[in-house]
Amino acid sequence: MTRGAAGALAILHDGMRIEVPALAIEPVDTTGAGDTFVGVLAAALDLGSTLETALRRASAAAGLACLARGAQTAMPDDAAIAAAVGRLNL
């Protein structure tokens with residue numbers, strides 16, 4: 001579940017919760033942030049990332065996508081996502 005400025009939350013079948021923070025940003029346009037989140041999450045899982053790592057990448061990417069206007073033009077590339085993951089607030 002995406003939670004905007006509160007980050008994201010996954011609740012597993014056994015009740016375990018994985019919470020990840022959001023980037024501290026001033027959003028310009030949130031169009032496409034959800035699509036970016038889902039796409040980066042799916043790609044990270046497909047490449048073998050753990051769910052927590054994939055959620056952190058997706059959260060960082062969604063935040064970056066809010067820093068520009070539009071959907072496609074605001075989607076970050078892999079290098080930008082990797083750099084932003086380290087800036088997630090814990």
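**Warm-up**

Buried residues make up 39% of the 90 residues in the protein chain, where buried means under 20% relative accessible area, exposed means over 50%, and partly exposed is in between (1.4 Å probe, protein chains only). This is a predicted model, so local features need pLDDT of at least 70 and side-chain atom pairs count only at pLDDT 80 or more, while totals for chains, interfaces and linings use all residues. Residues are numbered from 1 along each chain as its sequence is written, and side-chain values use heavy atoms, with hydrogens and water left out.

**Exercise 1: the overall layout**

Task: Find out how many helices and strands the protein chain has, and in which pattern they follow each other.

Solution. Step one: count the elements. You should get three helices and two strands; helices (H or I, at least four residues) and strands (E, at least two) are DSSP runs, numbered from the N terminus. Step two: read along the sequence, and the pattern is β-β-α-α-α. Step three: check the overall build. The radius of gyration, taken over C-alpha atoms, is 12 Å, close to the 12 Å that the globule rule gives for 90 residues, so the chain is as compact as a globular protein of that length. That rule is 2.2 Å times the number of residues to the power 0.38. Along its principal axes, the C-alpha trace spans about 40 × 25 × 20 Å.

**Exercise 2: the hairpin**

Task: Work out how S1 and S2 run relative to each other, parallel or antiparallel, and which S2 side chains are buried.

Solution. Step one: look at the pairing. S1 and S2 run antiparallel and are joined by four bridges; two strands pair if DSSP finds at least two bridges between them. Step two: pick out partners. Leu9 has Glu19 as its bridge partner in S2, and Ala8 has Val20. Step three: follow the turn. Five residues sit between the strands of this hairpin, and Gly15 in the turn has a positive phi of about 90°. Step four: sort the S2 side chains by face. Ile18 and Val20 point to one face and are buried, while Arg17 and Glu19 point to the other and are not. In a regular strand the side chains alternate between the two faces of the sheet.

**Exercise 3: the nonpolar core**

Task: Find which residues have the most contacts inside the largest nonpolar core, and which element gives the largest share of this core.

Solution. Step one: know what to look for. A nonpolar core is a set of buried Ala, Val, Leu, Ile, Met, Phe, Trp, Tyr and Cys residues joined through side-chain atoms within 4.5 Å. Step two: the largest one has 22 residues, and Phe37, Leu41, Leu55 and Ile81 have the most contacts inside it. Step three: list the elements that give two or more residues to this core: S1 (8–11), S2 (17–20), H1 (33–46), H2 (51–65) and H3 (78–85). The largest share, seven residues, comes from H2. Step four: zoom in on Phe37. Leaving aside its neighbours within four places in sequence, Phe37 is in contact (heavy atoms within 4.5 Å) with Thr2, Ala8, Leu55, Ala58, Ser59 and Ala62.

**Exercise 4: two spots in H2**

Task: Decide whether Ser59 is buried or exposed, and do the same for Ala61, buried or exposed.

Solution. Step one: Ser59 lies in helix H2 and, at 6% relative accessibility, counts as buried. Beyond its neighbours within four places in sequence, Ser59 has contacts including Val20, Phe37 and Leu88. Step two: Ala61 also lies in H2 and is buried, with a relative accessible area of 0%. Step three: check the surroundings of Ala61. Leaving aside neighbours within four places in sequence, Ala61 is in contact with Thr36, Val40, Pro76 and Ile81.

**Exercise 5: the side of H3 and the outside of H1**

Task: Find which residues of H3 are buried, then decide whether Val38 is buried or exposed.

Solution. Step one: in H3, the buried residues are Ile81, Ala84 and Val85. They cover an arc of only 105° around the axis (taken from the directions from the helix axis to the C-beta atoms), which puts them on the same side of H3. Step two: their cover includes H1 and H2. Step three: move to helix H1, where Val38 lies. Val38 is exposed, with a relative accessible area of 54%. Leu45, placed in H1 too, is partly exposed at 39%.
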